[in-house]
Amino acid sequence: MKIANKEYRTIWFKNNVVKIIDQTKLPHQFIIKDLKTIKDAIKAIKIMEVRGAPLIGATAAYGLVLSIIENNDQSFLKKSAEDLISSRPTAINLKWAVDRMMSKLLGVNSEKILEIAVKEANEICEEDIKFCENIGLNGLKIIEEIYNKKKDKVNILTHCNAGWLATINWGTATSPIYHAHKKGIPLHVWVDETRPRNQGANLTSYELNEENIPNTIIADNTGGILMQRGEVDMCIVGTDRTLSSGDVCNKVGTYLKALAAYDNKIPFYVALPSSTIDWDIKNAKDIPIEERNSDELSHIEGIDENNEIKKVLIYPNKSKAKNLAFDITPAKYVTGLITEKGICEASSEGLKKLFKK
Ligand code: MRU
């Protein structure tokens, strides 16, 4: 997708270096950063220079490429894989990508290993782009249906950033939006600010602006009243891990939005590539929920009058804060799952029909 009218992907590999867009600096500064070592890749995931479930999976895949370039040794590779998996616990794409890479790399002792690793990491990215594009084409049908009934602008609410910046291209939740916009369907997006890190305001609104899609940032608690006033036609969010039962783990606050949508009979869709499905965990209580530093709540970052990025304390300095990064929306509140293979009910039957696991 575009930034300042130039097409970008979020990650690419060139001359033995991984290139990323540093998302901690957006929207105020656009910086392309080089990752040269496995440590660089792990740090980029941990401090969220890259974030979003599919993108952290792709970064982990290229992280293993960097690990091989640094030290082509199987025990070093295994340790790199373990460190990558533990760098952010909730998004299943991270483990999915590492497992997929390791199934090709374990036991390969020849020089060919680097070629195999680069090929697989590139394939993970190409596949994600194709899957996200298909999610868009499938989700487009829902937006079209609403537009054909309403014959007026479609208002879509989204939470966090499940846009192209969270994937390699297109995004998951935003892909149907981009496809509808390209088709000429008039739409407007309500963007949840998404405290504490403001991925909605800083990333979703930014990327929609760059594609000229009308959008308005709202405080996270505003969605409810907008729904009561009939100003939301549908919600689409992403997910970091969806269980085979259809329960959806996503950025904290998603659950409350789903409850409000349910109460107001507004369709609530979750968009995901199959790499985000956890077929193993059966009980949502067993999903590891990342708890991040409370600084993310107590401090806020922005630019000052000299265009310099500044971080300021906004809480009483004696106050404690708890920063759970994700929550779980039970399947019963999810209208449907939009996947690369089609749209299904958020249930094990629905997922089985599409993926035959
Ligand atoms: O903490 P983040 O910014 O990595 O969280 C991102 C989300 O919660 C997204 O909704 C999810 O990863 C889906 S991305 C297509």
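This is a short dialogue on how terms apply to one predicted model.

Mentor: Ground rules come before the terms. This is a predicted model, where local features need pLDDT of at least 70, side-chain atom pairs count only at pLDDT 80 or more, and totals for chains, interfaces and linings use all residues. Residues are numbered from 1 along each chain as its sequence is written, and side-chain values use heavy atoms, with hydrogens and water left out.

Trainee: How many helices and strands does the chain have, and what makes a run count as one?

Mentor: The chain has eleven helices and 18 strands. Each is a DSSP run, numbered from the N terminus: H or I over at least four residues for a helix, E over at least two for a strand.

Trainee: What makes the chain as compact as a globular protein of its length?

Mentor: Set the value against the rule. The radius of gyration is taken over C-alpha atoms, and the globule rule is 2.2 Å times the number of residues to the power 0.38. For 357 residues the rule gives 21 Å, and the chain has 20 Å, which is close, so the chain is as compact as a globular protein of that length. Along the principal axes, the C-alpha atoms fill a box of roughly 60 × 55 × 40 Å.

Trainee: How much of the chain is buried, and what does buried mean?

Mentor: Buried means under 20% relative accessible area; exposed is over 50%, and partly exposed lies in between (1.4 Å probe, protein chains only). By that cut-off, 55% of the 357 residues are buried.

Trainee: Why is strand β7 called largely enclosed?

Mentor: Count its residues. β7 spans residues 187-192, and six of the six are buried, so the rest of the structure largely encloses it.

Trainee: Which residues cover each face of β7?

Mentor: In a regular strand, side chains alternate between the two faces of the sheet. On one side of β7 sit Leu187, Val189 and Val191. On the other sit His188, Trp190 and Asp192, and these residues are buried too.

Trainee: How do you know that β7 pairs with β6 and β8?

Mentor: Two strands pair if DSSP finds at least two bridges between them. β6 (residues 154-158) and β7 share five bridges, in the parallel sense. β7 and β8 (residues 215-218) share four, and also run parallel. Both counts meet the cut-off. For single partners, Val154 stands opposite Leu187, and Val189 has Asn215 in β8.

Trainee: What makes a β-α-β unit right-handed?

Mentor: Point the strands away from the viewer. If the path from the first strand over the helix to the second runs clockwise, the crossover is right-handed. The crossover from β6 through α6 (residues 175-182) to β7 is right-handed. The unit of β7, α7 and β8 is right-handed as well.

Trainee: Why is one space called a pocket and another a cavity?

Mentor: The test is whether a probe can get out. On a 1 Å grid over the protein atoms alone, a cavity is a set of points where a 1.4 Å probe fits but cannot get out; a pocket is an open set with protein on both sides within 12 Å along at least five of seven lines. Lining residues have an atom within 4 Å of a point. Points are joined across faces, edges and corners, and the volume is the space filled by probe spheres set on them.

Trainee: What lines the largest pocket?

Mentor: Its volume is about 640 Å³. Its lining has 26 residues, with Thr24, Ile47, Arg197, Asn202 and Glu301 nearest the centre. β14 gives the most, four residues. By class there are eight nonpolar, eight polar and ten charged. Ala, Val, Leu, Ile, Met, Phe, Trp, Tyr, Cys and Pro count as nonpolar, Asp, Glu, Lys and Arg as charged, and the others, Gly among them, as polar.

Trainee: Which element gives the most to the second largest pocket?

Mentor: α4, with five residues. That pocket holds about 220 Å³, and its lining includes Trp96 and Trp279.

Trainee: How many cavities are there?

Mentor: Three, counting those of 30 Å³ or more. The largest has about 190 Å³. Its 23 lining residues include Gly52, Ala53, Asn161, Asp240 and Asn250, nearest its centre. They divide into ten nonpolar, nine polar and four charged. The second largest has about 80 Å³. There α5 gives the largest share, four residues.
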